[in-house]
Amino acid sequence: MRQRDISDTCDELIELTETWSLCNDDIYRIANQLLSLAFAVKYFGNDTLRSRVWRVCVSFYAELEALGEQVEQRPNFNYDCVYLLLHRTLDTSSKTDENEDVLVEEDKSTMFSICPISRRPITYPVSQRFSHGEDSCEHVFDNSSITELLRSSNSSSVDCPVAACTKKVYKSRLHRDWESVHWRRHQDYVKTVESAKALFNKGALYL
């Protein structure tokens, strides 16, 4: 093969690689949007919307399966882990019973609202829940707090700062925690509605 042919072939391979890199970026963005939408529907939607979004997710993952190894896995976003989360969140046939839901919500009031590092309200929640790693903890942190902890340790990972947790936090596996985002929005919505009702009832007393 001549040098010119080799050069042309290399250019073609580079172009193909760049194209697939852009394609993988789009796949990642779509998956993120679906994940965010799934949790939005969980807290603000109904079973009909859940089923509709779940069908979209099933179609999306069928396309991913067809692409096979061309889909790039990311340290902080494993598509298999995300699929399981989507399934548990959206598939109405796998819903938990009412008592279990209550317990889960009680845990979330602590897990999603206060950063275990700063002990202050979480403003930008991140976790490792969407990554693949048995040694990764699933606690939610405020991004600035965990970033500072990793920076001060001068390491790419630290032991989880939550007492009794034996797992680790990896810088490369942190990702915005979409469930925490929409849980917080739902809590704000509930508080707004309750305040409006209280004001209405207070005004009604004077009528």
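Reader: Where is R119 found in this predicted model?

Author: R119 is found in the loop that runs between α4 (98-111) and β1 (125-127).

Reader: What is the sign of phi at R119?

Author: Phi of R119 is positive, near 60°, in a residue other than glycine.

Reader: Is R119 buried or exposed?

Author: A residue is called exposed when its relative accessible area is over 50%. R119 has 58% relative accessibility and therefore counts as exposed. A164 may be read in the same manner. A164 is found in the loop between β3 (157-159) and β4 (168-170), its phi is a positive value near 80°, and at 82% relative accessibility A164 counts as exposed.

Reader: How is the span of helix α3 to be checked?

Author: The expected span is 1.5 Å times one less than the number of residues. Helix α3 (residues 79-90) has 12 residues, so it should span 16 Å; its end C-alpha atoms are 16 Å apart, in agreement with that value.

Reader: Which residues of α3 are buried, and where do they fall around the axis?

Author: The buried residues of α3 are Y79, C81, V82, L85, L86, T89 and L90. Viewed down the axis, these buried residues fall within an arc of 155°, so they line one face of the helix. D80 and R88, on the other side of α3, are exposed.

Reader: Which atom reaches the backbone nitrogen of D80 at the start of α3?

Author: A side-chain oxygen of N78 comes to within 3.0 Å of that backbone nitrogen.

Reader: How should one read a nonpolar core, and which residues have the most contacts inside the largest one?

Author: In soluble globular proteins, nonpolar side chains tend to be buried together. Here the largest nonpolar core has 24 residues, and those with the most contacts inside it are L35, F77, Y79, L86 and F130. At least two residues of this core come from each of α1 (3-44), α2 (47-67), α3 and α6 (178-204). The most is given by α1, with eight residues. Domain 1 (1-75 + 82-91) and domain 2 (107-189) each contribute at least three residues to this core.

Reader: Which residues are in contact with F130, leaving aside its neighbours within four places in sequence?

Author: They are L35, F39, N76, F77, N78, C81, V82, L85, H175, R176, D177 and W178. A second, separate core of 15 residues includes Y43, V126, V169 and L174.

Reader: Is S145 of helix α5 (residues 143-153) buried or exposed?

Author: With a relative accessible area of 13%, S145 is buried. Beyond its neighbours within four places in sequence, S145 is in contact with C115, I117 and S118.

Technical notes: Residues numbered from 1 in each chain as written. Predicted model: local features only at pLDDT ≥ 70, side-chain atom pairs only at ≥ 80, totals over all residues. Heavy atoms only, no water. Helix = DSSP H or I, 4+ residues; strand = E, 2+ residues; numbered from the N terminus. Buried < 20%, exposed > 50% of the residue type's maximum accessible area, 1.4 Å probe, protein only. Arc of directions from axis to C-beta. Polar contact = N/O pair within 3.5 Å; in protein donor to acceptor, adjacent residues only side chain to side chain. Contact = heavy atoms within 4.5 Å. Core = buried A, V, L, I, M, F, W, Y, C linked by side-chain atoms within 4.5 Å. Domains from an automatic or database assignment.
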